[in-house]
Amino acid sequence: MNAEDKNPYIKDIKTIVVPPVLENEQEVHAEEPFEEAYVIKSDSDAKKKGFFFSMPFNTTILFVVMVLLYEIIFHGYYFGFKNINIVYIILFSISTGGFISLLTNIFPVLVNKIVAIFMSVFIGVLFIAQMIYHEVFNNFLSVAGTIKYGNQAADNYKTVLANIVENIWLFIIMLIPVLFISIFSRKLVDYKPRKWWLNLCLTIAVIIIYISNILLMKVDENTLYSAYQIYKQYASVDMAVEKLGVCEAFVVDMKAAVSGGSNSDRGDLGFQVVSTEENVTEDTDNQSEDSNIDIDSRGEDVTTTEEYIEVIDTSPNVLDIDFDEIDSEAQSESISSLNAYFKSLKPTNKNEYTGMFEDYNVIFITAEGFSGYALESGLFPTLSKLSKEGFVFENYYQPLWYGSTLGGEYANLMGSPTKNGAYLSMYRAAKNENGMIFSLANQLNKKGYTSIGYHNNEYTYYDRDITHPALGYEWRANGSGLAAQHDETGEIPWPQSDLIMINDTVSEWIDKEPFNIYYLTVSGHVLYSYNANYISRKNWDVVENLNYTETTKAYLAAQYELEVALEELLTQLDKKNLLDKTLIVLAGDHVPYDNMEILDELAGYELEDQFEAYRSNLIIWSASMEEPVHVDKVCSSIDILPTVSNLMGLSYDSRLIIGQDILSDSPGLVIFANRSFITDDFYYYAYTEQVEAISDAVITDEQVENMIINVANRYMAADSITELNYYRYIEKYLP
């Protein structure tokens with residue numbers, strides 16, 4: 001029997017001299033031919049490896065099954081199997097597994113084994129990372145958007161470990177395929193290089209399956225947020241994971257990260273037409289004072305005495321922008337598309353509150369992990385006072401934006417939702433020329449304000465040394481302009497004290513009117529436990545006897561530092577007689593996303609996670625207000641900037657900021673990262689496409705469809721402003 005009879009897959013035969021040995025009581029002569037690179041000791045040994053080992057595409061089967069297993073477990077756990085997306089995900093899994101197997105049969109055997117282990121570990125880590133990220137942040141991971149900040153994300157390793165322990169059984173299940181490939185697959189599959197024509201056949205098959213899947217998705221191409229639309233024009237990592245699967249979401253996420261930063265022409269952006277009157281209007285470029293309320297025409301008496309009748313300016317909040325000139329300058333179909341969209345929008349109008357706080361000092365606080373439900377505990381008299389005696393926003397929501405605190409800051413300070421994946425919008429906007437022209441600091445600096453920002457954490461964390469100067473602030477944080485705090489042992493505590501930050505900084509700006517001061521707090525940061533949170537331990541005596549769980553007590557104790565810091569800030573302003581001349585704005589960056597059960601406990605019942613858990617408090621207050629102003633309209637964090645800009649009497653274009661002035665006569669709207677939304681009349685749940693009425697108004701299908709399109713257009717505009725560096729064309733139109 002020759003070697004080719006014993007192993008039909010031997011390709012290159014040559015004679016080598018080896019000492020004679022005995023196997024199965026038969027002599028193997030030295031002159032018998034063997035394959036040089038791959039030797040099977042005997043027929044019985046080959047049989048032990050089994051039929052699967054001898055199959056030419058055994059690695060393909062192995063990796064297809066592995067990817068399928070991951071995707072099916074993951075999708076079933078988070079989304080169920082009720083729609084066609086699972087078909088797309090299965091086909092993407094087959095093509096992904098086939099592609100991986102190609103990489104494991106083109107190199108020498110040892111290299112192929114290393115590639116197989118690496119790819120299996122990579123896929124396993126990708127799925128496990130998605131699960132951990134979702135358990136912590138309640139949305140999915142954009143690898144491209146997060147990879148730059150991996151070392152900073154590692155600072156939250158305690159939070160990550162806590163979530164792994166809490167969901168240990170799920171992570172063990174997700175580790176099984178990785179362990180199987182790494183330990184046992186060499187006994188089941190052949191990592192020998194395939195014949196070239198077999199790899200060619202496999203390559204063709206992978207391409208055919210992939211393209212066929214795209215064509216299948218294309219059947220539904222005209223449906224908003226269909227799998228094909230997400231694949232073609234990546235809009236959200238959460239929707240990509242749901243509709244394309246984890247592996248393909250990673251692919252489109254990386255593609256968007258590369259292409260999204262080029263500011264290049266992407267053709268027609270695909271804004272959809274909304275036919276309702278409230279969203280489309282005539283060109284308002286040149287509207288002016290003629291739009292003011294005409295007292296006489298309303299039938300009111302107009303006297304000729306010295307009695308003064310105040311006429312409220314209700315002209316649109318717009319700039320005199322020549323969009324046609326921008327088209328000519330840009331020579332870009334994408335810019336033209338964006339111009340056409342902005343021209344179609346109905347701007348918000350000035351109102352009785354326009355300029356109410358003109359020339360006031362401003363202090364803006366983004367409060368780490370703050371939720372209005374904390375006020376239910378009764379521990380926060382100062383926060384409660386300001387939330388009840390200023391503008392009282394009865395239906396304010398703090399959505400969870402991609403990028404955690406940085407995403408929350410972007411919404412608060414730039415009036416725009418963040419890109420849900422691929423990159424962090426704050427950094428991308430900061431790198432653009434004039435990318436933050438409408439920020440409050442950049443607007444007020446033109447009026448001679450002193451604008452300084454403070455943060456009691458590292459100066460460069462999340463590139464804030466780049467982003468916050470671009471927002472218009474002189475930036476002070478640990479390592480540059482603000483000394484790090486130390487505890488009684490000399491160590492830097494975590495988190496640091498908001499109260500100490502206030503005490504260390506007030507003297508720098510309080511005598512520099514008009515001032516515009518920004519505080520990004522950190523005392524309310526996770527983890528919420530006595531042992532893991534320095535501020536929780538510091539304020540434990542305040543919460544120790546409350547009837548809450550330890551986690552909720554720790555959360556309240558951490559937030560209490562914000563309470564005493566705010567009290568101290570008001571005291572310092574009062575000493576300088578500045579309370580009547582200063583506007584205080586305070587909003588959270590996000591809810592305590594890692595411990596949402598805290599909010600249930602504070603509310604006294606189990607909150608509905610989609611919307612109710614994100615209800616919060618927005619504080620806009622000045623001691624000069626004689627009585628509170630109650631606002632029932634639904635609103636959110638992206639509405640803060642245009643609202644404050646109007647209150648300060650600043651010149652801005654309401655069409656070019658995605659949020660809207662809450663105090664205007666525009667209808668209320670709250671949008672969430674997964675494209676769910678709230679209007680004044682109904683809730684819309686994007687995952688289930690469910691509509692739930694809020695008021696007694698009759699809600700038509702057309703009304704719902706138009707609002708879905710409206711929200712999609714807003715997200716398209718928000719991403720395009722950043723990706724196309726659109727504001728560089730607008731700067732010259734600012735006063």
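Helices, as runs of at least four residues, and strands, as runs of at least two, are assigned by DSSP and numbered from the N terminus, and on this basis Glu689 falls in the loop between β17 (682-685) and β18 (690-693). The model described here is a predicted one, and its protein chain holds 27 helices and 18 strands. The points below move from the chain as a whole to one enclosed strand, then to the salt bridges, and finally to some details of the backbone.

**The chain as a whole**

- Of the 735 residues in the protein chain, 56% are buried, while the accessible surface of the chain comes to about 32100 Å², with carbon and sulfur atoms providing 54% of that surface.
- When contacts in the protein chain with a separation of 6 or more are considered, 75% of them are between residues that stand 24 or more positions apart.

**Strand β11 and its neighbours**

- Strand β11 is largely enclosed by the rest of the structure, because seven of its seven residues are buried, each having under 20% relative accessible area.
- The residues of β11 point in two directions, with Thr582, Ile584, Leu586 and Gly588 facing one way and Leu583, Val585 and Ala587 facing the other, and all of them are buried.
- Strand β5 (residues 361-367) runs parallel to β11 and is joined to it by seven bridges; within this pairing, Ile365 has Leu586 of β11 as its bridge partner.
- Strand β13 (residues 619-621) pairs with β11 in the antiparallel sense over three bridges, and here the bridge partner of Ile584 is Trp621 in β13.

**Salt bridges**

- Side chains of opposite charge can pair when their charged atoms come close.
- A salt bridge is counted where a side-chain nitrogen of Lys or Arg lies within 4 Å of a carboxyl oxygen of Asp or Glu, and by this rule the count comes to 16 salt bridges.
- Glu389 and Lys385 meet through their side chains in a salt bridge, at 2.8 Å from N to O; the two residues are four apart in helix α16 (residues 381-389), and therefore about one helical turn separates them.
- Both members of this helical pair count as partly exposed, with Glu389 at 36% relative accessibility and Lys385 at 37% relative accessibility.
- Lys419 forms a salt bridge with Asp719, in which the closest N and O atoms are 3.6 Å apart. This pair links distant parts of the chain, since Lys419 sits in the loop between α17 (404-414) and α18 (425-431), whereas Asp719 belongs to helix α27 (residues 701-723), 300 residues apart. Lys419 and Asp719 are both buried.
- Asp511 and Lys576 also meet in a salt bridge between their side chains, at 3.2 Å from N to O. Asp511 lies in the loop between α21 (498-509) and β10 (515-520), and Lys576 lies in the loop between α24 (550-575) and β11 (582-588), so this pair ties together parts that are 65 residues apart in sequence.
- Within that pair, Asp511 is exposed, with a relative accessible area of 57%, whereas Lys576 is partly exposed, with a relative accessible area of 40%.
- A network of salt bridges links Glu325, Glu329 and Lys732.

**Backbone details**

- The peptide bond from Glu513 to Pro514 is cis, with omega near -10°, and Pro514 is found in the loop between α21 and β10, the loop in which Asp511 also lies.
- Another cis peptide bond joins Val526 and Leu527, with omega at about 0°, and Leu527 has its place in the loop between β10 and α22 (534-538).
- Ser404 is not a glycine, yet its phi is positive, at about 55°; this residue lies in helix α17 and is buried, with a relative accessible area of 11%.
- Glu689, likewise not a glycine, has a positive phi of about 60°, and this residue, in the loop between β17 and β18, is exposed, with a relative accessible area of 60%.

Note on methods
Residues numbered from 1 in each chain as written. Predicted model: local features only at pLDDT ≥ 70, side-chain atom pairs only at ≥ 80, totals over all residues. Heavy atoms only, no water. Buried < 20%, exposed > 50% of the residue type's maximum accessible area, 1.4 Å probe, protein only. Pairing = 2+ DSSP bridges. Contact = heavy atoms within 4.5 Å. Areas by Shrake-Rupley, 256 points an atom, 1.4 Å probe, with all protein chains shown as cover.
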